[in-house]
Amino acid sequence: MFFGGGFPSSNVHVYSNGRMRYNYQQRQDRRENQGDGGLGVFVQLMPILILILVSALSQLMVSSPPYSLSLRPSVGHIHKRVTDHLNVIYYVADTFSQEYTGSSLKTVERNVEDDYIANLRNNCWKEKQQKEGLLYRARYFGDTDMYHKAQRMSTPSCNRLSETMKSLENFW
């Protein structure tokens, strides 16, 4: 039905008053009742066209962030800056200094620091998972060399996160 095929041409069973009767529908009758095919196709494609239109409009409304935590020349974030509070390095575009001043600059720097801490937490979690996985495998297989290697594994993101959180505590 969705692609203009209509109902199947087999017998249609209609129940009335507890009895079953058969209605036979010929293909010619169905073709005559379909009407204008162009309008029907348009109506059938309308939901798909609406989805494409909404998707295209949503892409136009999304703007790129004014900063990046890493150097990204493809986006234009090439100028290095440092936040006032946590001294987090971030990169901005050429027009950043004109667009962001005063309270809007403080808001951007707060967002930079929040993103930085979120990245540290995520990386710390990954490092801990990797270390715990290696320790588990070493215990499971009884491999003392692997166990000592896992014990010596460093977690630099966790160390930086700990230092950052201490400096936050000292600030407040």
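Colleague: Which residues does Val112 touch, not counting residues up to four places away in sequence?

Modeller: Val112 touches Tyr67, Leu69, Thr83, Val88 and Tyr90. Contact here means heavy atoms within 4.5 Å. One thing to know at the start: this is a predicted model, where local features need pLDDT of at least 70, side-chain atom pairs count only at pLDDT 80 or more, and totals for chains, interfaces and linings use all residues. Residues are numbered from 1 along each chain as its sequence is written, and side-chain values use heavy atoms, with hydrogens and water left out.

Colleague: Thanks! Why is Val112 called buried?

Modeller: Buried means under 20% relative accessible area, exposed means over 50%, and partly exposed is in between (1.4 Å probe, protein chains only). Val112 has a relative accessible area of 0%, so it is buried. Val112 lies in helix H4. Its C-alpha is 9.6 Å in space from that of Val82, and the two are 30 residues apart in sequence.

Colleague: What makes a stretch a helix or a strand, and how many of each are there in the protein chain?

Modeller: Both are DSSP runs numbered from the N terminus: helices are H or I with at least four residues, and strands are E with at least two. The protein chain has six helices and five strands. Along the sequence they follow the pattern β-β-α-α-β-β-β-α-α-α-α.

Colleague: How do you know which strands pair in the sheet of S3, S5 and S4?

Modeller: Two strands pair if DSSP finds at least two bridges between them. S3 and S5 have two bridges, in the antiparallel sense, and four bridges join S4 to S5, which also run antiparallel. The three strands form an open sheet in the order S3-S5-S4. Strand S3 (67-68) and S4 are the edge strands, as each pairs on one side only.

Colleague: Which residues in S5 are the partners of Ser68, Arg81 and Val82?

Modeller: Ser68 has Tyr91 as its bridge partner. Arg81 stands opposite Tyr90, while the bridge partner of Val82 is Ile89. In general, strands of a sheet pair through backbone hydrogen bonds, either parallel or antiparallel.

Colleague: What makes the phi of Asn87 worth pointing out, and where is this residue?

Modeller: Asn87 has a phi near 60°, which is positive in a residue other than glycine. Asn87 sits in the loop between strand S4 (79-82) and strand S5 (89-92). The hairpin of S4 and S5 has six residues between the strands.

Colleague: Why does Asn87 count as exposed?

Modeller: Its relative accessibility is 54%, so Asn87 falls in the exposed class.

Colleague: Next, the helices. Why are H4 and H5 called roughly antiparallel?

Modeller: Let me start with how an angle is obtained. Axes are lines fitted to C-alpha atoms, for helices over the stretch in contact, and angles run from 0 to 180 degrees between N-to-C directions. Angles under 35 degrees count as roughly parallel, over 145 as roughly antiparallel, 65 to 115 as roughly perpendicular and the rest as oblique. The axes of helix H4 (residues 103-141) and helix H5 (residues 144-152) cross at roughly 160° and come within 8 Å. H4 and H5 are therefore roughly antiparallel to each other.

Colleague: Which residues make the contact of H4 and H5?

Modeller: From H4 come Lys131, Leu134, Leu135, Arg137, Ala138 and Arg139, and from H5 come Met146, Tyr147, Ala150 and Gln151. These residues divide into six nonpolar, one polar and three charged. Here Ala, Val, Leu, Ile, Met, Phe, Trp, Tyr, Cys and Pro count as nonpolar, Asp, Glu, Lys and Arg as charged, and the others, Gly among them, as polar.

Colleague: How do you know whether Leu134 is buried or exposed?

Modeller: Leu134, in helix H4, has 13% relative accessibility, so it counts as buried. Leu134 touches Met146, Ala150 and Met153, leaving out residues up to four places away in sequence.

Colleague: And Thr164: buried or exposed?

Modeller: Thr164 is in helix H6 (residues 156-171). Its relative accessibility is 10%, so Thr164 counts as buried. Leaving aside neighbours within four places in sequence, Thr164 is in contact with Leu86, Tyr116, Ile117 and Leu120.

Colleague: What percentage of the residues in the protein chain is buried?

Modeller: Buried residues make up 17% of the 172 residues.
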